[in-house]
Amino acid sequence: MSSLSLSSRGSFNVLWRWSGDGSDSRREQGRSDSSDWSCPPLPSQVPVEPTGTSNGRNVQGAMEASPLNKISTENPTECGKGKRIRSFFKRVWKAMKSSVCCCCLSSAVDVVEPFSPDPEPSSSASDPSGVKLNDESFESLYNVGEMLGSGGFGSVYKGTRKFDGKKVAIKQLSKTENNRYLYIPGHPKPLVTEVALLLMMRRKPISPLIIQLYEWFEHPGKFTLVMEFPEPCMSLRDYIVRKPILYEPTARFIMRQALLAVQVCIEHGVFHNDIHAENFLLNERTLELKLIDFGCGQLFSSDGYESRTYAGLPYYCPPEVLTEPRFHAVPANVWALGVLLFTMVHVFHPFPNWKQITEAKIPLMYHNLSKKYRDLISQCLARDPTKRPTLEQMSRHRWMR
């Protein structure tokens, strides 16, 4: 039986580890999740017109302000005729309104559009995600199986797509006040972070090194993401633990893929912000990697980020996050990849606490390791971020080749 791993900000005895939101609250373990599987339509579906307010205007108020409903200024002799005309137009307006609402409701319930990397944005959504609710779409498309794991804000289930039997991973993210939303091109309204970044990664060229989002739904209290289900696979962390001796050629093959996955993210305008062994799924037979869990991510910015916004695993935190007001994506990624490489070969973290991270004093390495490996580790784990190599320089290092 294949095993999977779900990354999270804690430690859970689960088969698959993923996490949800990237806020500090992710450090808490064992968050409960909802079992309600009512679902909304896809972003490309026709939304239901809200009955309350829309864009700050009351619907009834809009009707009253309509020229059809203004008080007549005609002469008294024409009053009766005017009333009949206004009455006629009111009936027409009411009939048109009823017809449009019925069409919207019917479309939202019965029509399910296929996933599109760049769906047409909804023009009348009242929720920050821009998606209208639908209680039947998800259940009509997917069967939900056993839970694969949970942690932080997320829970992951095994699922099956009904029309072709394709296996999928179904991830639930709870709606909380700590959810972060991002604006991305093509969407006038912000999307919850993980959805936004995975949609960014769907843009061509699509990389097989990145987990793929097939489609997503929104519910009153949570989001549901339907994702790729790589099989067989396990987390890279589990693989490292099971392989107490990981020789340099194997570590090199894995590290090349991890480095390329991070580069692909940057090229797509995405800063993953949580690179570590539990956020890579590994096919044990082929050693192929997939990067998962974009809930901590950010849109890439050359200006850097405030250090308080760092949301990655503490063991992989670069020293500048603890000592400087700002940090930058590429040096932080290089540091995390250096920690990952060290962990793969030594099976323990080089910096197990905050003090050792800020000092950035690399522990003694095994004597049988090559000079090229030692040199790459010392460069990636330099305390000064300006002295670390770029991702391109790291890929051209002698050990990587």
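This passage walks through two helices, a group of paired strands and one buried arginine in a predicted model.

A good place to begin is helix 6, which covers residues 248–267. Its 20 residues reach 28 Å from the first C-alpha to the last, close to the 28 Å expected at 1.5 Å a residue. Of these 20 residues, 14 are buried, so helix 6 is largely enclosed by the rest of the structure. Just after the helix comes G269, with a positive phi of about 80°.

Helix 8 (residues 329–346) can be read in a similar way. For its 18 residues a span of 26 Å is expected at 1.5 Å a residue, and the end C-alpha atoms are indeed 26 Å apart. Because 17 of the 18 residues are buried, helix 8 is largely enclosed by the rest of the structure. Just after helix 8, V347 takes a positive phi of about 65°.

Turning to the strands, strand 9 (residues 222–227) is mostly covered, with six of its six residues buried. In a regular strand, side chains alternate between the two faces of the sheet. In strand 9, K222, T224 and V226 point one way, while F223, L225 and M227 point the other way. Strand 9 pairs in the antiparallel sense with strand 5 (residues 167–174) over six bridges, and here L173 stands opposite F223. Strand 8 (residues 213–218) also runs antiparallel to strand 9, joined to it by five bridges, with F217 opposite T224. A hairpin of three residues links strand 8 to strand 9.

Finally, R161 lies in strand 4 (residues 154–161). This arginine is buried, with a relative accessible area of 17%. Leaving aside residues up to four places away in sequence, R161 touches L141, Y142 and K166.

Methods
Residues are numbered from 1 along each chain as its sequence is written. This is a predicted model: local features need pLDDT of at least 70, side-chain atom pairs count only at pLDDT 80 or more; totals for chains, interfaces and linings use all residues. Side-chain values use heavy atoms; hydrogens and water are left out. Helices (H or I, at least four residues) and strands (E, at least two) are DSSP runs, numbered from the N terminus. The expected span of a helix is 1.5 Å times one less than its number of residues. Buried means under 20% relative accessible area, exposed over 50%, partly exposed in between (1.4 Å probe, protein chains only). Contact means heavy atoms within 4.5 Å. Two strands pair if DSSP finds at least two bridges between them.
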